[in-house]
Amino acid sequence: MPLLEGSHVTRAFGGLVAISDVDFYIDPGEIVGLIGPNGAGKTTLFNMISGAVPPRSGSLTFKGKNIGGLKPDRICRMGIARTFQSVKVFGHMSVYDNIRVALLFGVGRKSAPDGRLTDIASIMEFVGLSVAKETLAADLTLVRQKQLEVARALATRPSLLLLDEIMAGLNASEVAQAMDIVKRIRQLGIAVFMIEHVMKAIMGICDRIIVLHHGVKIAEGTPQEIGANKTVVEVYLGEQLDSSSKQS
């Protein structure tokens with residue numbers, strides 16, 4: 001059974017259909033990429049999964065339970081966490097306290113998939129923030145704030161993590177570090193659904209890729225299949241990509 005499944009999911013804002021009749025699934029332990037041009041509906045899909053907006057029609061199920069229309073706090077406590085394209089850290093609080101808030105919020109749920117991430121210290125070490133423990137979130141660099149977003153999401157003890165462009169604005173070295181974190185998250189038994197425009201990352205770490213265009217799913221497949229898909233190349237990639245660098 002899929003961990004997360006969407007069937008005929010549709011969402012409109014007034015006369016604009018942002019997501020139209022989209023089917024998708026995420027299996028336990030998978031890393032799945034979500035790509036497409038700006039305005040394709042990617043973040044809208046994440047917003048429906050995480051409860052920020054309800055679907056107009058269709059169904060969303062997580063671990064076999066309907067989550068369509070539930071509030072974000074309920075969905076989070078069920079085991080879905082997310083980051084945001086524009087970081088939303090608590091700037092006036094330290095790194096430690098940002099993670100502490102998330103850990104307290106998720107404490108009512110069962111143990112994390114891996115016992116190593118049950119306390120703030122282990123979470124900070126996992127994402128590389130131990131040295132910034134007492135730093136105010138507002139004083140962190142962009143890459144550190146993105147690490148903090150991931151740390152807070154992990155602190156809620158998810159089974160599925162939604163990552164919304166955590167590599168945007170990072171340099172090549174920082175992208176490589178972020179890719180390593182995503183792969184290690186999967187090793188904890190946490191599935192990852194990630195929106196990303198950094199194609200090196202998408203092609204290098206994803207098991208499958210879903211492509212949206214004008215709110216419609218136009219392709220789905222392995223990185224090799226997506227990189228060679230003529231429709232995807234035409235509407236988004238611009239050129240055929242070599243996915244030979246994919247690593248397990």
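**Exercise 1. Charges over rings**

Task: In this predicted model, find which ring Arg152 lies over, and at what distance from the ring centre. Then do the same for Arg77.

Solution:
- Step 1. Start at Arg152: it lies over the face of Phe90, at 5.1 Å from the ring centre.
- Step 2. Move on to Arg77. The ring beneath this residue belongs to Phe105, and the distance to the ring centre is 4.3 Å.

**Exercise 2. Aromatic pairs**

Task: How many aromatic pairs does a search of the whole structure find? Work out whether each is stacked, tilted or edge-to-face.

Solution:
- Step 1. The search of the whole structure gives two aromatic pairs.
- Step 2. Take Phe24 and Phe193. Their ring centres are 5.9 Å apart and their planes meet at 25 degrees, so this pair is stacked. The cut-off you need here is that planes under 30 degrees apart count as stacked.
- Step 3. Place this pair in the chain. Phe24 belongs to strand β2 (residues 16–26) and Phe193 to strand β8 (residues 191–195), so the pair ties together parts 169 residues apart in sequence.
- Step 4. Now take Phe46 and Phe193. With centres 5.2 Å apart and planes at 55 degrees, the pair is tilted.
- Step 5. Place this one too. Phe46 sits in helix α1 (residues 42–50) and Phe193 in strand β8, so parts that are 147 residues apart in sequence are tied together.
- Step 6. Put the pairs together: Phe24, Phe46 and Phe193 are linked by ring pairs into a cluster.

Task: Are Phe24 and Phe193 buried or exposed? What about Phe46?

Solution:
- Step 1. Recall the cut-off: buried means under 20% relative accessible area.
- Step 2. Phe193 has 0% relative accessibility, so it counts as buried. Phe24 is buried as well.
- Step 3. Phe46 also has a relative accessibility of 0%, and therefore counts as buried.

**Exercise 3. Helix α4**

Task: Why is helix α4 described as largely enclosed by the rest of the structure? Find what covers its buried residues, and look at its ends.

Solution:
- Step 1. Helix α4 spans residues 120–127, and six of its eight residues are buried, so the rest of the structure largely encloses it.
- Step 2. Name the buried residues: Ile120, Ser122, Ile123, Met124, Phe126 and Val127.
- Step 3. Look at the cover, which includes α3 (95–106), α5 (142–155) and α6 (172–187).
- Step 4. Check the N-terminal end. Asp119 caps it, with a side-chain oxygen 3.1 Å from the backbone nitrogen of Ala121.
- Step 5. Finally, see what follows α4: Gly128, which has a positive phi, near 90 degrees.

Notes: Residues are numbered from 1 along each chain as its sequence is written. This is a predicted model: local features need pLDDT of at least 70, side-chain atom pairs count only at pLDDT 80 or more; totals for chains, interfaces and linings use all residues. Side-chain values use heavy atoms; hydrogens and water are left out. Buried means under 20% relative accessible area, exposed over 50%, partly exposed in between (1.4 Å probe, protein chains only). Helices (H or I, at least four residues) and strands (E, at least two) are DSSP runs, numbered from the N terminus. Contact means heavy atoms within 4.5 Å. A polar contact is a pair of N or O atoms within 3.5 Å; within protein, one must be able to donate a hydrogen and the other to accept it, and residues adjacent in sequence count only if both atoms are side-chain atoms. Rings of Phe, Tyr and Trp (its six-membered ring) pair if their centres lie within 6.5 Å; planes under 30 degrees apart count as stacked, over 60 as edge-to-face and the rest as tilted. A charge sits over a ring if NZ of Lys or CZ of Arg is within 6 Å of the ring centre and within 35 degrees of the ring normal.
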